[in-house]
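Here is a short round of questions and answers on how some terms apply to one structure. Please look at the structure before reading on.

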Amino acid sequence: MIQFVFPLFGRFHPILVHLPIGILLFGIILVFLSRKGQNTHLASIRLAFLFGGMAGVLSSVSGFLQYRYEGFTWDSVQFHFFLGLATTATAFWLYYELGKKEDFPSFFKAKSAALVALLMFTGHLGGNITHGETYLIEPLPAGMQQLLGYETGENTGPKLPAEGWEELAYYEHVVQPILNQNCKSCHNAKNHKGELDLSSYEALLQGGEDGSILSGGDAEASALFARLVLPKEDEDHMPPKDKRQLQKEEIELIRAWIALGGKTESKLGEADISVETLEPFMEKTEAPFYPSAEVPPLADETLKKLKTDGFFAETVDKESAWLMVSCVNYGQFADADWTKLKPASDQIAYLDLSGTQVTDQILDSIQSLPNLTVLKLNETDISGEKLSALQSNPNLKNLYLNKTQVSLPQLKALQNHPNLAKVFVFDTPASADESGGVFSFLLEKGNYRLPPLPTDTIVY
Amino acid sequence: MKNLEKLLSELQVQKLQTQTRRHFLRDCVSKVGGLALAPLLFGCEIGKDGQAKTGLNLSERDLNPLAPLPPPFAGKAKSIIYLHMAGAPSQLELFDFKPELAKLHDQDCPESLLEGRKFAFIRGVPKMLGPQATFSQHGQSGAWVSDYLPHFSKVVDEVAFLKAMHTDQFNHGPAQLFMQTGSPRLGRPSLGSWVTYGLGTVNQNLPGFVVLTSGGKTPDAGKSVWGSGFLPSVYQGVQCRSKGDPVLYLEDPSGMSRDLKKNVISAINQANQEDFESIGDPEILARINQFEMAYRMQIEVPEVMNINDEPEYIHQLYGTQPGEESFANNCLLARKLVEKGVRVVQLYDWGWDTHGTDKDGSIDMGLRNKCRQIDRPMSALLLDLKQRGLLEDTLVVWGGEFGRTPMQENREGKVQGFKGRDHHTDAFTMWVAGGGVRKGASYGITDDFGFSGVDERTSVHDLHATLLHLMGFDHEKFTYDFQGRPFRLTDVEGELIRKIIA
């Protein structure tokens, strides 16, 4: 027979399997609809089991062909295959039993139920082969997945620490995670595309249908690397072009590993790679902007009260307890209104009192905000006299004093503040003061100009 | 108040007129049962303020669609100013320096560049067109900027360049839509709408998303580039003007005093409130809120849109002239709006479509004049935001909808009277600055002619993903259900451009 027929028929397996399921279920439903001693459906049921069994034969044959021609391992399909045969045999057996009598044989409903169980279980195993064993698990919430004993989020690519990466095993921490994320879905013990398994070093050494894919020390000669750098349109390019493509850093890391010898013992530090190549995979240990202390979130009632009082009040993000408060629509806010903010003292991390009626007194109140990180007092009557009070806000990072009366010497009171990083004093006596001085924080005075240029007025 | 009572009783009569015998009979049956059930279902009657007591469990958003919401994670940026150069400026005259292209000037374009390509106007084999500007490196970052942008070259250390941007649309309308809404077809919400929908707005007396245009025309794609698509229309951009009334129809009509207006609004609102109490539809409360907001905006919008009170040195910095419709005025307004808590400000400047068909559309003359109009204002905007500390949490984005060809345009196979370039999708430059952006970065490299990106190419979706990230959104999770499926700004694509994130 012409050679393509077998593989082609094999590929019809995913469609053909639905025939026995449908036909047999139809028969079984009729069985359960029938009362004892009443055999109106008997002929139809018999026919259903006969056709169901025949469809089972078609499914089994096509399934076997698909296994033969599509790179599945026997281990992964054997149970599915035997159960399929068992289902087919059971269907024929029930057909045979029905054929002998005018009424239902004994325990027929129980036998039919057993056939349903067989059908379901066979189908489930088949689904596992095509969609992966975690197909039905993936949509579940992470907590439930863990409860069922599944690991979550394992294929996320390399994760490296910012310090001490030099000592990590190159293969285990970089190469395998890249393969897991990008290749394993097609190249694993069960799904054997190109007869290649990339789920472990040992499997990788076995190579694929064209033999070894790794020749230590020579990246260009290794299919493992060479296929990655083929043009995307080339049909040998990996991963296939409709899949997530490797980043150029990931390709470079594979190259450098092969160049180093392609062994499991090598350390990351031995390779000839720049830190920039690794940077995208480093866990940013950058300190979070807002304090790391934990405080209880503000009660909904209190938050609502702040809003009805006229404040803009919102947490900095959905999970966080840190609160941003602004008086953008509350220009009348004055020192005496502080009591309204008191219930949120622990949570306020960002406070904008710009354009309000506050005076120097407010700094005494602000002192009581342990977690304050950003403070804006632009366009207020702050004279700068009491700035030293802010030394008691250990977490303060950015301070805005634009368009106030602060002077340069007064800012000395903030010298050596533990966290203060930036102070903005645009349009104040301080910004006009040329005397300079060294500060422990970045002082933004502004006054930027773009001097006129001769070309400004030329029109062509 | 006499008049109000009259209004309310009129409302009552109106309602009764629509009642028929059938309504009455039906109500007799259902309402008696309802009366018995109501306390069980809701626990209390509908209250005066429409909140809490309704038992409808209305969120703040139901009452006020612009109420602020926290972002999913604490983004570095809280607002965006997007400067869109409608018509698409030439990257080859501004940022993407190609000395090799100069050598090929006036030679036939190599076949390899034309194979399988389509251009908007170029036909046959065009000539190559060398860079028409003089380039030099600037700042600590050594960024290449041409002499077309002498002021901007002084602030390059504030920005991150994306030099291998690409798109897949070579006509203005679809390309602008793609750049602003993530889809070349009509119907998707714009970036600004997504952000306003996701975060609401800080200042409740101003719109959340403001659009300002200059250059004499609005973008080719029309107002859909700031439209809200399938999002509720409150999230669309509000077009304001730097000349004449800042917002059309916001001013009171002549003869209508503000007090009178207030009375009208409070009467309408009271009638609506009564309606809400009998019907319980939250849409009515939203409407009440909107009337009140419009009333508040009447005061605040003209105030913030007035640049007359800015000090002289600020006018000099931006090159502003009050009363004009200009990019400079719009830049200054953008700063003022963001300072006042507006979430998104979009500037469209028209006139960048330099085909070389006339002098204004020429690469060596018209383009220079256009650059003159934006060079100082956009540099001033960056400096002004910086000195006020606003650049800490404001994103500034600059770019067109695509780039321009390294070839001289030859419309209808003829050489043009002026030097010009055709639309080009494969490579162009954009820059971003401010909140969370890595200063002085440059991402993306194009080939020797500036024709295609050869490394670190960035798609429109990548840019959107990155902008959303900086605002505190995971672009893959920020969705809106419409027609039975969740939609994203980035559709099914988009990778973060990590190298430009600080």
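Q: Leaving aside neighbours within four places in sequence, which residues is B:Thr394 in contact with?
A: Contact means heavy atoms within 4.5 Å. By that rule B:Thr394 is in contact with B:Ser79, B:Ile81, B:Val338, B:Leu385, B:Ala433, B:Gly434 and B:Gly435. This is a predicted model, in which local features need pLDDT of at least 70, side-chain atom pairs count only at pLDDT 80 or more, and totals for chains, interfaces and linings use all residues. Residues are numbered from 1 along each chain as its sequence is written, chains are lettered from A and ligands numbered from 1 in the order in which they are written, and side-chain values use heavy atoms, with hydrogens and water left out.

Q: Why is B:Thr394 called buried?
A: Buried means under 20% relative accessible area, exposed over 50%, and partly exposed in between (1.4 Å probe, protein chains only). B:Thr394 has a relative accessible area of 0%, so B:Thr394 is buried.

Q: What makes A:Asp456 and B:Arg376 a salt bridge?
A: The term requires a side-chain nitrogen of Lys or Arg within 4 Å of a carboxyl oxygen of Asp or Glu. The side chains of A:Asp456 and B:Arg376 meet at 3.3 Å, N to O, and therefore satisfy the rule. Across the interface of chain B and chain A, the rule finds five salt bridges.

Q: How many residues does the contact take from chain B and from chain A?
A: Chain B gives 39 residues and chain A gives 41 residues.
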